[in-house]
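Here's a set of exercises to work through with the viewer open. Try each task before reading its solution.

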Amino acid sequence: MVTEAQRTLTVTHRSHPAGPIVLHLDGELDYHTAPRLSRALDEITFSAGTDVILDVTELAYCDSTGLTVLISANQRAEAGGARFGIAGLSRDLRRVFTIVGLDQFFTLYASTEEAVEQLGR
């Protein structure tokens with residue numbers, strides 16, 4: 001059994017040289033770790049002209065609680081006029097997003113660099 005202390009999620013906040021805010025997620029996004037991402041997202045002002053990219057290249061797992069945090073962030077971005085995208089979904093996570101229809105809800109990018117390029121247009 002995996003204990004709460006063994007579940008890890010690291011959220012690294014950085015600004016990309018081209019302008020977007022990038023949050024890099026590493027680990028598991030679940031009931032126990034979702035508050036870490038929520039706190040990081042709460043520090044961002046989602047407003048017009050703000051681009052936010054979640055780099056999930058290193059995200060190993062995401063449960064329904066994690067998906068709820070992502071949906072809330074996307075809704076905050078839309079309400080504030082910011083652009084929000086998710087970059088680097090693994091094949092398994094992309095399959096989950098597709099099954100539940102979130103591939104139609106989120107703007108998904110193959111990589112952070114692709115997201116930066118597309119958002120810069």
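Contact here means heavy atoms within 4.5 Å. Keep in mind that this is a predicted model.

**Exercise 1.** Find which residues threonine 8 touches, leaving out those up to four places away in sequence.

*Solution.* Start by locating threonine 8: it's in the segment before strand 1. Apply the contact cut-off and you get Asp26, Gly27, Glu28, Thr33 and Arg36. Now take Thr33 from that list. The C-alpha atoms of threonine 8 and threonine 33 are 6.8 Å apart, with their positions 25 residues apart along the chain. Last step, the accessibility: threonine 8 comes out at 45% relative accessible area, so it counts as partly exposed.

**Exercise 2.** Work out whether isoleucine 21 is buried or exposed, and what it touches.

*Solution.* Isoleucine 21 sits in strand 2. Buried means under 20% relative accessible area, and isoleucine 21 has 16%, so it is buried. Skipping residues up to four places away in sequence, its contacts are His13, Arg14, Ile44, Thr50, Asp51, Val52 and Ile53. For a longer-range check, pick valine 116: it is 95 residues away along the chain, and the two C-alpha atoms are separated by 9.7 Å.

**Exercise 3.** Search the whole structure for salt bridges and say which parts each one links.

*Solution.* The search turns up two. One joins arginine 76 and aspartate 42, with the closest N and O atoms 3.6 Å apart. Arginine 76 belongs to helix 2 and aspartate 42 to helix 1, so this pair ties together parts 34 residues apart in sequence. Check the exposure of both partners: arginine 76 is partly exposed at 32%, while aspartate 42 is exposed at 56%.

The other salt bridge pairs the side chains of arginine 83 and aspartate 51, at 2.8 Å from N to O. It links strand 4, which holds arginine 83, to strand 3, which holds aspartate 51, across 32 residues. Here arginine 83 is partly exposed at 36%, and aspartate 51 is buried at 13%.

**Exercise 4.** Identify the members of the largest nonpolar core that touch the most other members, then see which elements feed it.

*Solution.* This core has 30 residues, and the best-connected ones are Leu37, Leu41, Leu70, Phe84, Ile86 and Phe97. Two or more residues come from each of strand 2, helix 1, strand 3, helix 2, strand 4 and helix 3. Zoom in on phenylalanine 84: beyond its neighbours within four places in sequence, its contacts include Phe46, Val52, Leu54, Leu70 and Phe106. Apart from the largest core there's another one, of seven residues, among them Ala87, Ala115, Val116 and Leu119.

**Exercise 5.** Why do the buried residues of helix 4 line one face?

*Solution.* List the buried residues between 112 and 119: Thr112, Ala115, Val116 and Leu119. Look down the axis of helix 4 and they fall within an arc of 100 degrees, so they line one face of the helix. Next, ask what covers them: the cover includes strand 1, strand 2, strand 3, strand 4 and strand 5.

**Exercise 6.** Which residues form a nonpolar patch on the surface?

*Solution.* They're Val96, Ile99 and Val100, with about 260 Å² of accessible area together. To place valine 100, look in the loop between helix 3 and strand 5.

Terms used. Residues are numbered from 1 along each chain as its sequence is written. This is a predicted model: local features need pLDDT of at least 70, side-chain atom pairs count only at pLDDT 80 or more; totals for chains, interfaces and linings use all residues. Side-chain values use heavy atoms; hydrogens and water are left out. Patches are made of residues with over 30% relative accessible area and no salt bridge: like charges are joined within 9 Å, nonpolar side chains (Val, Leu, Ile, Met, Phe, Trp, Tyr) within 5 Å. Accessible areas come from the Shrake-Rupley method with a 1.4 Å probe; for residues, only the protein chains shown count as cover. A salt bridge is a side-chain nitrogen of Lys or Arg within 4 Å of a carboxyl oxygen of Asp or Glu. Helices (H or I, at least four residues) and strands (E, at least two) are DSSP runs, numbered from the N terminus. A nonpolar core is a set of buried Ala, Val, Leu, Ile, Met, Phe, Trp, Tyr and Cys residues joined through side-chain atoms within 4.5 Å. Buried means under 20% relative accessible area, exposed over 50%, partly exposed in between (1.4 Å probe, protein chains only). The arc is that of the directions from the helix axis to the C-beta atoms.
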